[in-house]
Amino acid sequence: FILGETCSALLLFISIMTMFMSGVVAIFEYDLKKIIALSTLSQLGMMMFSISLGLYELAFFHLLTHALFKALLFLCAGILIHGAGNTQDIRSFGGLSLNFPLVTVCMNLANLSLCGVPFLAGFYSKDLIVELACQYSWGIFVLLMMFICLSLTVLYSVRLTYLSFVGPYGGGTSISVCESDYSLVGPVVILSFTSLVSGPILSWLNFPAPVLIFLPVFLKWGALFFVGASLLGMLSLQGLTYSYKWGAVSKFSGLMWFLPWLTGQGFSMKTLKNA
């Protein structure tokens, strides 16, 4: 590796913990923009994970595909916030698919691409990283953590979709007239098209020769197994939506595992207060 074995091992550990932390925090988060930002942090961890294994071209490939469907996700979130009375709390959403049918389709398309559903943009880069990581990985712990992080991505994405579009009405206001504004909907439709076709196009441009990967059957089915387990986990964790029995865990996750305090926020607050 260009980074060296020690630097690669350190980057591997940091990237896996970043993916794991952002996935766990996103499960307990209710702010729409924070959930999307945490998913961005998770995918950045995936890119660094790819770099730590020496897969630099794949990291750049995932950066390109991720930029397209994540831009679509942020634009759809902005339309929802604007149409829901400028609120970002997903608990006040619910049933928005009736008022925002086009945005619902486009946002779910971006979410499915984020989860790595086959034949969408995120699948071509994410699945390639996962399979090559299974082939060149450092051990069973790394593989297990990678699959757990993948399942966490599916978990908070499906949770976001359920609370925003499928779940019961949360009591917030809704202005469906937003979808008649072409300056808002136009870029969303264009990015939705790129989220569909950019995966194979960028794959052909970056990798003109086909990539052959030989893996055991249980590793080939590993990602699908963890994705299915995460869907079942989402159904069992629906109590987190309205229950406060997880208050301590939710507070710990909401504070990003106290990392802001440990990385300077606590010191800054003390010094600024004294000043």
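This passage walks through the predicted model, from its overall make-up to a few helices and single residues.

The protein is built from 11 helices and 0 strands. Read along the sequence, the pattern is therefore simply α-α-α-α-α-α-α-α-α-α-α. Of the 275 residues in the protein, 46% are buried. Contacts often link distant parts of the sequence: among those between residues at least 6 apart, 82% join residues at least 24 apart.

Helix α6 (residues 140-166) is a good place to begin a closer look. Its 27 residues should span 39 Å at 1.5 Å a residue, and the end C-alpha atoms lie 37 Å apart, which agrees. Within α6, 20 of the 27 residues are buried, so this helix is largely enclosed by the rest of the structure.

Two of the partners of α6 can be described in turn. Two packed helices are described by the angle between their axes and the distance between the axes. Helix α1 (residues 5-27) packs on α6 at an angle of about 25°, and the two axes are 9 Å apart. Because this angle is under 35 degrees, α1 counts as roughly parallel to α6. The crossing of α1 past α6 is left-handed. On the α1 side, the contact is made by Leu12, Ile16, Met19, Phe20, Gly23, Val24, Ala26 and Ile27. On the α6 side, the residues are Val142, Met145, Ile148, Cys149, Leu152, Leu155, Tyr156 and Arg159. By type, the residues of this contact of α1 with α6 divide into 14 nonpolar, 1 polar and 1 charged.

Helix α2 also packs against α6, here at an angle of about 155° and with the axes 11 Å apart. An angle over 145 degrees counts as roughly antiparallel, so α2 is described that way relative to α6. The crossing of α2 and α6 is left-handed. From α2, the contact takes in Leu32, Ile35, Ser39, Ser42, Gln43, Met46 and Phe49. From α6 come Val142, Met146, Leu150, Thr153, Tyr156, Arg159 and Leu160. The residues of the contact of α2 with α6 comprise 9 nonpolar, 4 polar and 1 charged.

Attention now turns to α4, a helix of 15 residues that reaches 21 Å from its first C-alpha to its last, close to the 21 Å expected at 1.5 Å a residue. Its buried residues are Val103, Thr104, Cys106, Met107, Leu109, Ala110, Asn111, Ser113, Leu114 and Cys115. These buried residues pack against α2 (32-52), α3 (56-83), α5, α6 and α7. Following α4 is glycine 116, which has a positive phi, near 85°.

The loop between α4 (101-115) and α5 (121-136) also holds phenylalanine 119. This residue has a positive phi of about 75° although it is not a glycine. Phenylalanine 119 has a relative accessible area of 62%, so it counts as exposed.

Serine 195, placed in helix α7 (residues 182-206), completes the tour. With a relative accessibility of 1%, serine 195 counts as buried. Leaving aside residues up to four places away in sequence, serine 195 touches Leu68, Phe69, Leu72, Leu109, Leu120 and Ala121. Serine 195 and alanine 110 are 85 residues apart in sequence, yet 7.1 Å apart in space, C-alpha to C-alpha. Alanine 110 is itself one of the buried residues of α4.

Technical notes:
Residues numbered from 1 in each chain as written. Predicted model: local features only at pLDDT ≥ 70, side-chain atom pairs only at ≥ 80, totals over all residues. Heavy atoms only, no water. Helix = DSSP H or I, 4+ residues; strand = E, 2+ residues; numbered from the N terminus. Buried < 20%, exposed > 50% of the residue type's maximum accessible area, 1.4 Å probe, protein only. Contact = heavy atoms within 4.5 Å. Axes fitted to C-alpha atoms, helices over the stretch in contact; angles between N-to-C directions. Parallel < 35°, antiparallel > 145°, perpendicular 65-115°, else oblique. Left-handed = near helix turned anticlockwise from the far one by under 90°. Nonpolar A, V, L, I, M, F, W, Y, C, P; charged D, E, K, R; others polar. Expected span 1.5 Å × (residues − 1).
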